[in-house]
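Reader: Could you walk me through how to read the features of a fold, one at a time?

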Amino acid sequence: MNEAASETKTIVVERELPHPPEKVWRALTQPHLIAEWLMKNDFSPVLGHRFGLRADWGAVACQVQAIEPNRTLSYTWDTKDLRSVVTWRLIPTPQGTRLRLEQTGFRPDQSSYYRGAMAGWPRFMADLERVLEGLD
């Protein structure tokens, strides 16, 4: 690993959700639900699937890197010159699910992306929680 790669930053956001992992998984993997809390998309929960996320500010090119239903979902998150990886982990708890988001790969010269993600992910998580509240 080169020195620049070892200097990358990571964002971690965790939430305790009063919903079972299966319900949270649906919101993370069904395109119409993803569109409600994140962005318009053509996601499919298939290893290697390439998909896009689209918003007013631009687009994100993604590819599913790991998928373990109701437990782990990981995909690349590439936009402009940012090459990162987003990983979701669902940990069952007696009350529901602990959801952990980790986005890795922010280089030192990408502080604007890092700040944007630090502000954006908590908002997306709050929107995700609202979507979960409306699901059966």
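Author: Gladly, and let's begin with pockets. On a grid over the protein atoms alone, a pocket is an open set of points with protein on both sides within 12 Å along at least five of seven lines. Keep in mind that this is a predicted model.

Reader: What volume does the largest pocket have here?

Author: The largest pocket has about 290 Å³. It is lined by 15 residues, and those closest to its centre are Trp-57, Trp-77, Tyr-113, Gly-116 and Ala-117. Two or more lining residues come from each of E5, E7 and H4.

Reader: Which element gives the most to that lining?

Author: Helix H4 does, with 7 residues. By residue class, the lining of the largest pocket splits into 9 nonpolar, 5 polar and 1 charged.

Reader: And how do I read a cavity?

Author: The general idea is simple: rolling a probe the size of a water molecule over the atoms shows where empty space is left. A cavity is a set of points where the probe fits but cannot get out. In this model, the count is 1 cavity of 30 Å³ or more, and the space in the largest cavity is about 50 Å³.

Reader: Which residues line the largest cavity?

Author: The lining is made up of Leu-28, Ile-34, Trp-37, Leu-38, Phe-43, Phe-51, Leu-53, Leu-73, Tyr-75 and Trp-88. Helix H3 (31-37), E3 and E5 each supply at least two of the lining residues. In terms of class, the lining has 10 nonpolar residues, no polar and no charged ones.

Reader: Strands keep coming up. In what order do they lie in the sheet?

Author: To read a sheet, follow the strands from one edge to the other. Here the sheet is open, with 7 strands in the order E1-E7-E6-E5-E4-E3-E2 and antiparallel pairing. Strand E1 (9-17) and strand E2 (40-41) are the edges, each pairing on one side only.

Reader: What packs on the sheet?

Author: Helix H2 (residues 21-29) does, touching E1, E4, strand E5 (72-79), strand E6 (82-93) and strand E7 (96-106). The direction of H2 makes about 160° with that of E6. Helix H4 (residues 111-134) packs on the sheet as well, touching E1, E5, E6 and E7. The direction of H4 makes about 20° with that of E1.

Reader: Let's go down to the bridges. How many join E2 to E3?

Author: Bridges tell you which residues face each other across two strands. E2 and E3 run antiparallel and are joined by 2 bridges, and Lys-40 has Arg-54 in E3 as its bridge partner. Moving along, 6 bridges join strand E3 (residues 50-55) to strand E4 (residues 58-68), again antiparallel. There, Phe-51 stands opposite Cys-62 in E4. The hairpin of E3 and E4 has 2 residues between the strands.

Reader: How is E5 paired with E4 and E6?

Author: E4 and E5 pair in the antiparallel sense over 5 bridges, with Ala-61 opposite its bridge partner Asp-78 in E5. On the E6 side, 8 bridges join E5 to E6, and these two strands also run antiparallel. One facing pair there is Tyr-75 and Val-86 in E6.

Reader: What should I look for in the turns next to E5?

Author: Backbone angles are a good place to start. The hairpin of E4 and E5 has 3 residues between the strands, and Asn-70 takes a positive phi near 65°. In the hairpin of E5 and E6, with 2 residues between the strands, Lys-80 in the turn has a positive phi of about 50°.

Reader: Is E5 mostly covered or uncovered?

Author: Mostly covered: 7 of its 8 residues are buried. Take Thr-72, which is found in strand E5. Thr-72 counts as buried because its relative accessible area is 14%, and the cut-off is under 20%. Leaving aside neighbours within four places in sequence, Thr-72 is in contact with Trp-25, Ala-66, Ile-67, Thr-87, Trp-88 and Arg-89.

Reader: And Asp-136, is that residue buried or exposed?

Author: Asp-136 lies in the segment after H4. Its relative accessibility is 83%, so Asp-136 counts as exposed, the cut-off being over 50%. Beyond neighbours within four places in sequence, Asp-136 is in contact with Lys-23 and Arg-26. Asp-136 and Lys-23 are 113 residues apart in sequence, with 8.4 Å between their C-alpha atoms.

Notes. Residues are numbered from 1 along each chain as its sequence is written. This is a predicted model: local features need pLDDT of at least 70, side-chain atom pairs count only at pLDDT 80 or more; totals for chains, interfaces and linings use all residues. Side-chain values use heavy atoms; hydrogens and water are left out. Two strands pair if DSSP finds at least two bridges between them. Helices (H or I, at least four residues) and strands (E, at least two) are DSSP runs, numbered from the N terminus. Contact means heavy atoms within 4.5 Å. Axes are lines fitted to C-alpha atoms, for helices over the stretch in contact, and angles run from 0 to 180 degrees between N-to-C directions. Buried means under 20% relative accessible area, exposed over 50%, partly exposed in between (1.4 Å probe, protein chains only). On a 1 Å grid over the protein atoms alone, a cavity is a set of points where a 1.4 Å probe fits but cannot get out, and a pocket is an open set with protein on both sides within 12 Å along at least five of seven lines; lining residues have an atom within 4 Å of a point. Grid points are joined across faces, edges and corners, and a volume is the space filled by probe spheres set on the points. Ala, Val, Leu, Ile, Met, Phe, Trp, Tyr, Cys and Pro count as nonpolar, Asp, Glu, Lys and Arg as charged, and the others, Gly among them, as polar.
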